[in-house]
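Colleague: I've got this model open and I'd like a close look at one part, the place where the two chains meet. Could you walk me through it?

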Amino acid sequence: MSGTFSIAIDLLLNSLVLSGVFLIVAMGLNIIYGLSRIMNMSHGALYAVGAYIGYSLVATGVNYFAALIITPILVGIIGLLIERTIILPMRKRSMVYTLILTYGLMFFLDGMIKHIWGNRPRFIELPEFMQGMISILGTQYPVYRLMTLFMIAAIMIALMLLLSKTKAGIIMRAASTIPEMVSCMGINMSYVHMGAFMLGCAMAGAAGIIAGPLTTIDPLMGGEMLISSFVVVVIGGLGSLRGAVIAAILIGFVQTFTEFFITDLAMVIVFIMMAVILAFMPRGLLGEGKFE
Amino acid sequence: MNSTTSIPGISKRFYPLKIFAVILILCSLALFPFISDNRFYISLITEMMIYGLLAMSLDVLLGYTGLLSFMHNTYMGICAYAVGLFLIHISPTSLWLACFAGVVFTSLVALPVGWVQVRTGGLAFALLTLAFGMMFYTIVWKWYAVTGGDDGLMGMPNPDITLFGWHLGSSSDPVNIYLFTLTVVTICFFLTRRIINSPFGAVLEAIRENEDRASFVGINVRRYKLLGWMLACILASIAGALFILYKGYIGPSTMSAFAGAGVLMMVLLGGMGSLWGAFAGAFIFIYIQDYISTMTEHWEIFLGLFVIFLVLFLPTGFAGLGDYFKRFRKA
């Protein structure tokens, strides 16, 4: 009896961790989409870049917590470079071009990862005190996994405060609904787009370094995360932040539980569920573009 | 290959020079295996033609209907697996029946997927093609008992190519496969061109230009999108049937996202919205790929850079170059 109970607790916590990682990646995608109507296909690759940068920082002796802060900043800077060089000329063109462009960027980044770090799987070394297990309701659970939940919660609260309390957040929310009006108020929309892209990329990087120690880091992780985050974004409704929360929790739970019971074809169950939801709600659970 | 002739997309005017050029290209392609004895080029051109057909099918979707499919190669792969499994397990000799079964099976798979996809918007459509493509890829990869998993499908029999009782030759000979592919691809090309120039094609283009206006005129946008999707998938499945006959082998890597990006790249290279451009794109792309992959293992980086470069500087592709020069001369 206690065995079943502890497995249930284990599964529940694992689902929450997976949901949290999906949530941060999908949130980054949604922020970019909501503000500048760009679907960033290279988001998964940026997530992988975040994990690899985190690995390199920790491997060269940087404190893990320092790496946790430096990595998103570095990935954000990469995002800034991408935005200024290749996304900017795409603003006036059809959306299809941006999709294909960022898809090409994804292959470029994946190729660069393989070129720099190689195909070998890598592990991020955690500090001593995070490697142990902790007892929750009689279940032994890794400390780090519990820590990730707190980190994800902290990021989400920070994002919420940013969007609701600060001036930048108010501008962002306004720009997602009526961009023309925002530029009439004398705010340079170009900076808003730039900021949104940087923020989205930084979130992908943060998710990368948070999720890195949970599993091994390999070049395939970006592609897998891209698909999962698309499923989350499409089910929740494109550009809808609350929809992403609900969808991330749903997908996280379904995937963890199906992986536990069927192992191999867990993704297929997730896709079938997605198809059923979309057949009845083509615009996702909460509809498109509710940016709050 | 000299593919610089253009077949007018919509224009109804009669161009004797262009028709002459098309006949010239077809004749030279048909005579090629009798002139040259080089097996490498024969199989390379076969591959080019098959991928040209696949790129053209994606172009029907992308260039004419305005819907982006990231993993169109999935449907080619599904049909190739279906044909292969049919030949191995059910009947090793009936080629036409196997191809027919493969195309029907692929349509049956593509129909519900397309039904879900067209209900969402244009952007969600593109994201869903990637999600469903990855799903099929995962199934093929993990279902070892049927598909052979990572190893792929091996031990394909070589059925004879027959037509109404005539024996045309065995499919184990590359020259026969080359001619067979050329015939099928040519028929598919002219058939597709006819469909695209019909009122149906005009409806698809109207949807591409403005979905809202098309629906105001009374067009059932979702149904036409679904029909466009099915047309593209059926063409892709024909390419798949040819592919397994040519290779005698099919593995999951043919269905990967990476290969899908290659097909997208062919369409971009050739120019969206031009059927012959897709073939030109496939010919150039496969030649470059063959050339570069012998020199470097980081083909991914080059593919990514090519795509970025093309979208930034040459969005109309190879087929658009003519217009560009025309404008240049006028200015």
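What follows is a tour of the contact between the chains, with a few stops elsewhere.

Modeller: Sure. Keep in mind that this is a predicted model. Let's start with chain B as a whole, then go to the contact. Chain B has 331 residues, and 48% of them count as buried. Its secondary structure comes to 14 helices and two strands. If you take the contacts inside chain B with a separation of 6 or more, 75% of them join residues 24 or more positions apart.

Now the contact itself. Chain A puts in 35 residues and chain B puts in 33. On the chain B side, the elements that give two or more residues are α4 (95–119), α5 (122–142), α11 (257–270) and α13 (299–313). The largest share comes from α5(B), with 13 residues. As for chemistry, that side of chain B has 26 nonpolar residues, along with four polar and three charged ones.

Let's stay with α5(B) for a moment. What does α5(B) pack against at an angle of about 145°? Its partner there is helix α11 of chain A, residues 266–280, and the two axes are 10 Å apart. The crossing of α11(A) and α5(B) is left-handed. If you want to click through the side chains, go to Met267(A), Val268(A), Phe271(A) and Met274(A) on α11(A). Across from them, α5(B) offers Ala131(B), Phe132(B), Met135(B), Thr138(B) and Ile139(B). That patch divides into eight nonpolar residues and one polar residue, with no charged ones. The numbering on each helix is worth a glance too: an α-helix has 3.6 residues a turn, so residues three or four places apart point the same way.

The next pair to look at is helix α4 of chain A (residues 95–117) with α13(B). Their axes come within 7 Å and cross at roughly 155°. Angles over 145 degrees count as roughly antiparallel, and α4(A) and α13(B) are therefore roughly antiparallel to each other. This crossing is left-handed. By class, the contact of α4(A) with α13(B) has 14 nonpolar, four polar and three charged residues.

Back on chain B, α11(B) is another of the helices that give residues to the contact. It has 14 residues and reaches 20 Å from first C-alpha to last, close to the 20 Å expected at 1.5 Å a residue. Is α11(B) largely enclosed or open? Of its 14 residues, 13 are buried, so α11(B) is largely enclosed by the rest of the structure. Right after this helix comes Gly271(B), which has a positive phi, near 105°.

α4(B) also contributes to the contact, and Trp115(B) is one of the residues in that helix. Trp115(B) counts as partly exposed, because 15 other C-beta atoms lie within 10 Å. For a sense of distance inside chain B, Trp115(B) and Asp290(B) are 175 residues apart in sequence and 37 Å apart in space, C-alpha to C-alpha.

One last stop, on chain A: Arg37(A). This residue is in the loop between α1 (2–36) and α2 (43–59). Its phi is positive, about 50°, although Arg37(A) is not a glycine. With 17 C-beta neighbours inside 10 Å, Arg37(A) counts as partly exposed.

Terms used: Residues numbered from 1 in each chain as written. Chains lettered and ligands numbered in written order. Predicted model: local features only at pLDDT ≥ 70, side-chain atom pairs only at ≥ 80, totals over all residues. Contact = placed C-beta atoms within 7 Å. Helix = DSSP H or I, 4+ residues; strand = E, 2+ residues; numbered from the N terminus. Nonpolar A, V, L, I, M, F, W, Y, C, P; charged D, E, K, R; others polar. Expected span 1.5 Å × (residues − 1). Buried ≥ 20, exposed ≤ 12 C-beta atoms within 10 Å, placed from the backbone. Axes fitted to C-alpha atoms, helices over the stretch in contact; angles between N-to-C directions. Parallel < 35°, antiparallel > 145°, perpendicular 65-115°, else oblique. Left-handed = near helix turned anticlockwise from the far one by under 90°.
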